[in-house]
Structures are given as C-alpha cells and as structure tokens.
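Trainee: I have a new structure open and I'd like to learn how to read it. Could you walk me through a few features?

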Amino acid sequence: MKKLLLPTSIVGSLPKPAWLAPPEKLWSPWKLEGDQLLEGKQDALRISLQEQQLADLDIICDGEQTRQHFVTTFIEHLSGVDFENRKTVKIRNRYDASVPVVVGEVARQKAVFVEDAKFLRKQTNKPIKWALPGPLTMVDTLYDDHYKSREKLAWEFAIALNEEARELQDAGVDIIQFDEPAFNVFFDEVNDWGMAALERAIEGLHCQTAVHICYGYGIQANTDWKKTLGSEWRQYEEIFPKIQKSKIDIVSLECHNSNVPLNLMELVRGKKVMVGAIDVAANTIETPEEVATTLRKALEFVDAENLYPSTNCGMAPLSRNVARGKLSALSAGAEIIRKELGI
C-alpha cells in the first residue's frame, strides 16, 4: 500500500439507500429479491464508493451495503446455525435480541464476501478495507446449543474467519478489519482466549490487519450504557496490553465525544491507530476543526505515521445526508493536521 500520512477511512457501515432497505435501522430487511437484490446491492456499493471518493477518503470500504448486519450476515453462511428457531439473548450484557442458534458443528461452506470484495476492487485504485466480525463478538451474537463453550465456539469461528480472510486478501483487499465490540465488555475472556482466537483468525495473512473496538452503534441501548460508565471510560486499559503484544497491525478505537482517556493509546504505542474522530451517536455534523482537535490530542500519544483518522463506529443508523457531512468533515479535519505537520 502506498504510504500516505494520516490516511482517512470509516470503520464499517454507511446508511443504505431507502430503495434497498428501510433506512436508519439495524437488521433492516431487504426490499428486493433474487437478481434484483444482487443488482441493487452492487448499485448501493457503487454509491457508497462514490460518496467516500467525493469526501476524499483515502482508504475505501464497502459501507457494508451488501449485508444486513456486521455479524449475522457472515454467520448466515456457516453450517450448524439455525436461523429459523431463534432465541433471545442479551447482547454485550446490554440489550435483548432475537438471535440464531448453534445446533451443530460450525464451518464455512463457501466464500461469503469475496465476490463483493472483487467487485469493489475493480471499482477503485485506492486501498480497500474489508470488515469481518471477530470471533468473540460472533459468540456473543447468538445462542450456543451445541458446543456449550464460548471458547470452543470462538475457535471454530476463528478457523472460518481465517479461511474467508485469506480469500479476501487474494481478492485484493489491503486491510482486513475484525470488529470486536465484545472486547470492551468481556475482559477476562479477551485475555484468557479471545485475543488468541483473533490471532488464529489472522494466521498466515500478509495484508494489514485491524481490530475495531468501540462502544457500539448510536442506538439507545448503547447510549444508555455509556451513561453508566462514569467520567472516565477505561475499558481499553484492560485489553490494550494484550493487543500490543499481538500480531494485529492496527487498533481502531472510539475517541470523539467519549470519556476515553486518550493517554490509554500509550498502551498500544508502536501499533497503527485508527482514531475515532467522528461521533456516530449524534446527528450533529462535526466541523473540520473539531476533527482536527481530536487528532491533535491523539498525536500526543500516537506517532503521525501511525495515525489513521476514522469514525468511532459504523454509521448505518444515521441519515445519508448526515453521514455524507461527517465523511467530508473527517477528510477536511485530517487535511488541517497534514498542513500543520507540513506533509
């Protein structure tokens, strides 16, 4: 990948067009079927690409236009999971959700996102990033009626993820990002086996790898949870030491409008850091200077060559106009800092 200082990107999702799925919601059902759905997904992916390019983002992703949800869409393609007879579980110890049930051995039967990645690769010469769910977060987004062990299930997921990641790499993906919001909740599991499972998922990859750990989408259950965390959110302190010793290249974290002490980034000194400079839990569009202020503070703890300006999390629940404004603000804020650094 061509070296660019302060390369900008989003974490994952962008809002879907209203003709593809009902807007501003998670698990939004498709409005199309069959070949029309395939064509519609590709059209939405093209739009997502164009909006990122118009905003001058440096690293392009798919905006998760071809999937309903960042976790369950991957799980849908695995054997051993029943999506018909669901059960209700508490996800991330915060909110109830109807989820699929593991009823047998889980395994990847075929590529899930590889064709989508090939399609995106053909549309742009810029570096592309692809997000996959992390093993621990996958475990926490379903009901296990087979393994009866979160660790064993996570390890099986890691094997399936590694198979997918290797094919995504071969399809031309430059960065593979694993979304692990569960890392911010289950600290003992992260340190006991969660990080090991994630390293199994990246085994043998030579493209860059990232782990994204945030405080969740801007949905009510997450904003309510944040209100209980006090004046300092120190969850990263529990897991960053383990991540710092791992083979993961990039750490993605939430910063803007959060109570995360930015000096916690010292714990991953030497890693590349995707600094969340855009709040995805508010409709207010940041000014470029607000973005720049977050990045200036981060530069106290992250070397400029390792700073990747980004969003706090995905933007699927936002309106398209708000998301567009936030994309532009991210790029403009990064450009302010580049000029200040003389680069």
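**Reading a strand, a helix and a core**

Mentor: Sure, and keep in mind that this is a predicted model. Let's start with strand β3: K129, A131 and P133 point one way from it, W130 and L132 point the other way, and all of them are buried.

Trainee: Why do the side chains switch sides like that?

Mentor: In a regular strand, side chains alternate between the two faces of the sheet. Here β3 covers residues 129–133, and 5 of its 5 residues are buried.

Trainee: Which strand is joined to β3, and by how many bridges?

Mentor: Look at β5, residues 175–179: 5 bridges link it to β3, and the two run parallel. For one of the partners, find P133, which is matched with D179 in β5.

Trainee: Now a helix. Which residues of α3 are buried?

Mentor: First the general idea: an α-helix has 3.6 residues a turn, so residues three or four places apart point the same way. In α3, residues 114–123, the buried ones are V114, D116, A117, F119 and L120. Their cover includes α1, β2, β3 and α5.

Trainee: And how many residues are in the largest nonpolar core?

Mentor: That core has 102 residues, and F183 and M265 have the most contacts inside it. Helix α5 supplies the largest share, 8 residues. Another core, of 7 residues, lies apart from it, with V11, A210, I250 and Y308 among its members.

Trainee: What does M265 touch?

Mentor: Leaving out residues up to four places away in sequence, M265 touches L253, C255, V273, V275, A298, F301 and V302.

Technical notes:
Residues numbered from 1 in each chain as written. Predicted model: local features only at pLDDT ≥ 70, side-chain atom pairs only at ≥ 80, totals over all residues. Heavy atoms only, no water. Buried < 20%, exposed > 50% of the residue type's maximum accessible area, 1.4 Å probe, protein only. Helix = DSSP H or I, 4+ residues; strand = E, 2+ residues; numbered from the N terminus. Pairing = 2+ DSSP bridges. Contact = heavy atoms within 4.5 Å. Core = buried A, V, L, I, M, F, W, Y, C linked by side-chain atoms within 4.5 Å.
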